[in-house]
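I set out to record what could be looked up in this structure, entry by entry. The first entry starts from the contacts of a single residue.

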Amino acid sequence: MGPSLLLSLLLLPASLQAGSSKECNPNTDFGINQPASLSAPEGDSTCISFSYFYCWELAKDPRLSIAVRRTDFHGEVIYNSTQHFVHKDFKNRISLDLREGQNSGTLCIRNLRKEDENRYFCRVQVETLRDGKQVWQSIPGTKLTITDAAQATAKGTTTAATITADLNVVENNGSSASSPLSVGAAVGVALAGVVLIIAVLGLIVFLRWKRSKGLQTKTRTVARESVQNTEEKYENIGITADDLTPQGPRASLCPG
């Protein structure tokens, strides 16, 4: 067996596999993927993400069209991208975002209502180069559940409380004596505050007492100086302190 023949035999399975990969099986080589279920509160928004695949070679102008049905596989169409059609129940509440260069997109519904709770099916339509127009649709679709806004608020509050509790647990685990230390610190701060208040009050009382004592001393000094000045004044005019006594001047003998 020559080298060229052996090489041909080795490459034969690869060539067969490559040839088979280019063949299109219309029964299996197409499909749409979208979530099985979604849940959102009333008044909020939700988006149904989808992706699609196929094996046909598209025409130069594939005329891609995305449509959405509700309720069941053959239910009424609520949205059609090429016809610019929006069902009256979804006026100004539905929008489609197609990712350029990717076989995927997102259908969003805003201001959800209780009656929007339903099952939704995405459908894709393209023009192919050799097989004409091809249309395929999701079989299971997406079940959309609308919850009460009050329940969503309560759930959010519960979640926030749980997160806070978890953070507290983590902090307590990080310090084995965090709770006792916290209580001790609080007691210490309280005692320090009481001591500070007592000290301030004591200082105020002391200052008032000192000020009062100073005023009394000053008054006595002023009075003493006043008396001394008076005595000096009368001494200068020949009057002694005895002359100023209540008995008045001493009596003199009258001539016989």
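Entry 1: contacts and cores. I looked up Y79 and, setting aside neighbours within four places in sequence, found contacts with I66, A67, V68, F85, V86, I94, L96 and L107. I note here that the model is a predicted one. I then turned to the nonpolar cores. The largest of them holds 14 residues, and Y79 is listed with I78, F90, I94 and Y120 as having the most contacts inside it. I checked which elements give two or more residues to this core, and they are β5, β8 and β11, the last of these spanning residues 142-147. Apart from this core I found another one, of nine residues, which includes I32, F50, V126 and W136.

Entry 2: strand pairing around β5. I asked how many bridges join β4 to β5. Three bridges join strand β4, residues 65-70, to strand β5, residues 77-80, and the two run antiparallel. Across this pair I found R69 opposite V77 of β5. The two strands form a hairpin with six residues between them, and in its turn T71 has a positive phi of about 80°. On the next pairing, I recorded two bridges between β5 and strand β6, residues 85-86, again with an antiparallel course. Here N80 has F85 in β6 as its bridge partner. The hairpin of β5 and β6 has four residues between the strands.

Entry 3: positive phi values. I kept in mind that most residues other than glycine have a negative phi. H84 is not a glycine, yet its phi is positive, at about 55°. I located H84 in the loop between β5 and β6. Is H84 buried or exposed? Its relative accessible area is 71%, over the 50% cut-off, so I entered H84 as exposed. I next looked up N111, another residue other than glycine with a positive phi, in this case near 50°. N111 is placed in the loop between β8, residues 104-109, and β9, residues 118-127. Its relative accessibility is 44%, which lies between the 20% and 50% limits, and N111 therefore counts as partly exposed.

Entry 4: the disulfide. How many disulfides does the model contain? The count comes to one. C47 and C108 form it, with their sulfur atoms 2.1 Å apart. I noted 105° about the S-S bond, and the link of C47 and C108 is right-handed. C47 lies in strand β3, residues 46-53, and C108 in strand β8, so the pair ties together parts that are 61 residues apart in sequence. I compared the exposure of the two cysteines. C47 has a relative accessible area of 35% and is partly exposed, whereas C108 has 17% and is buried.

Entry 5: surroundings of C108. I listed what C108 touches, not counting residues up to four places away in sequence: T46, C47, R93, I94 and S95. One of these, I94, is among the residues with the most contacts inside the largest nonpolar core. I also looked up the C-alpha separation of C108 and L96, which is 6.4 Å, although they are twelve residues apart along the chain.

Entry 6: a further cysteine. I looked up C122 as well, and at 2% relative accessibility I entered C122 as buried.

Definitions and conventions: Residues are numbered from 1 along each chain as its sequence is written. This is a predicted model: local features need pLDDT of at least 70, side-chain atom pairs count only at pLDDT 80 or more; totals for chains, interfaces and linings use all residues. Side-chain values use heavy atoms; hydrogens and water are left out. Two strands pair if DSSP finds at least two bridges between them. Buried means under 20% relative accessible area, exposed over 50%, partly exposed in between (1.4 Å probe, protein chains only). Contact means heavy atoms within 4.5 Å. A nonpolar core is a set of buried Ala, Val, Leu, Ile, Met, Phe, Trp, Tyr and Cys residues joined through side-chain atoms within 4.5 Å. A disulfide is a pair of cysteine sulfur atoms within 2.5 Å.
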